[in-house]
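Reader: I would love a close look at the aromatic pairs in this model. Could you walk me through them, and then show me how they sit within the whole chain?

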Amino acid sequence: MSTATHSDLQHDPLVRGLGLASALLGVPQVAGPGSFARALGVGDAPRHRLATAAVGVRELVAAAGLLGRPSPVWLWGRVGGDVMDLTMLARALKNHDGRGVGRTAAATAATTVITATDVYAAVTRTRRSTPVELTATTTVSRPPDEVYDFWRQLDQLPRFMAHLDEVRITGPRTSHWKASAPFDKHVEWDAEITQEIPGQLIAWRSLDGADIENSGEVRFTPAPGGRGTEIHVTLRYDIPAGPLGKAAARYFGEEPHQQLDDDLRRAKQIEETGEVIRSEGAPGGKRARGEFPQHPARPLTEDELKEALS
């Protein structure tokens, strides 16, 4: 596991921008804590001036670190400071006397935006990774050979795998993959099939240079009682930024276990009916992430009913 180097971050526009932002915030907080506190609408009582000056010193220390010797440690320090700032602003709003409350609310909203930016910068600039293994199973009412043939058409996988943007076949056993990742990022990799047993198994791994190293396999076994085929999927990959990155991804709606379950549900629908069966309670394809939270099902409108019956 590795972390972004000093030289990498020194020329990073976002990191330098956050360093400058810390400097611009820190100087007035230290030079005129009373005025800064009044500008936030919290008053200039001694405790407010003291808290403002302390926050200013923290901002200047972060600025010195990010601009002089940038490291993910300074980014996570900003995140911790943001949490403290939001806590103090929330307390100020709760106990506000009403004078300048609009400015305090605006400062709280601005700090929330800054916090999101700092979390993004810290997660994406911290290159530690945690191996993750996902497993999922579903049963399809089709024979194993047909189900295997369906999965072997790798360029068709984006039809039901919500985070896959494209799979391009580059050779008999190789392909190029492009997928969406948390925080509106994209990752790409080349992959090769490492083991293949027609009607039973497809296994693969990413090649050198992949944005995210990954491997996995799909096994096809006859379901008990001749009820079709059991699909057993195993995925292994590294989530950037370790457990913290995993938690952040889950917070922003990118929970990998749920992704895989939803993907298999859509695959089952396509294999059995030829299409993803849509309802307001069943996300479809690459639009899935934009369809949460979902709404209860409802009767068809008159126009929808006419269209369905036409």
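Author: Happy to; here is a walk through the ring pairs, followed by a surface patch and the chain as a whole.

This is a predicted model, so local features need pLDDT of at least 70 and side-chain atom pairs count only at pLDDT 80 or more, while totals for chains, interfaces and linings use all residues. Residues are numbered from 1 along each chain as its sequence is written, and side-chain values use heavy atoms, with hydrogens and water left out.

Let us start with the rule for the rings. Rings of Phe, Tyr and Trp (its six-membered ring) pair if their centres lie within 6.5 Å; planes under 30 degrees apart count as stacked, over 60 as edge-to-face and the rest as tilted. By this rule there are four aromatic pairs. One of them is edge-to-face and joins tryptophan 151 to phenylalanine 160, at 5.2 Å centre to centre and with 65 degrees between the planes. Both tryptophan 151 and phenylalanine 160 are buried (under 20% relative accessible area, where exposed is over 50% and partly exposed is in between, with a 1.4 Å probe and protein chains only). Tryptophan 177 and tryptophan 189 make a stacked pair, because their ring centres are 5.8 Å apart and their planes are at 15 degrees. This pair links distant parts of the chain: tryptophan 177 is in strand E3 (residues 174-181) and tryptophan 189 in strand E4 (residues 185-197), twelve residues apart. Helices (H or I, at least four residues) and strands (E, at least two) are DSSP runs, numbered from the N terminus. With a relative accessible area of 9%, tryptophan 177 is buried; tryptophan 189 is buried too, at 10%. Back at tryptophan 151, ring pairs link Phe150, Trp151 and Phe160 into a cluster.

For a contrast, let us turn to the surface. Leucine 60 lies in helix H4 and is partly exposed, with a relative accessible area of 33%.

Finally, the whole chain. The secondary structure of the protein chain comes to ten helices and seven strands. Of its 310 residues, 39% are buried. Among contacts (heavy atoms within 4.5 Å) with a separation of 6 or more, 54% are between residues 24 or more positions apart. The accessible surface of the protein chain is about 17,000 Å², and 58% of that belongs to carbon and sulfur atoms; accessible areas come from the Shrake-Rupley method with a 1.4 Å probe, and for residues only the protein chains shown count as cover.
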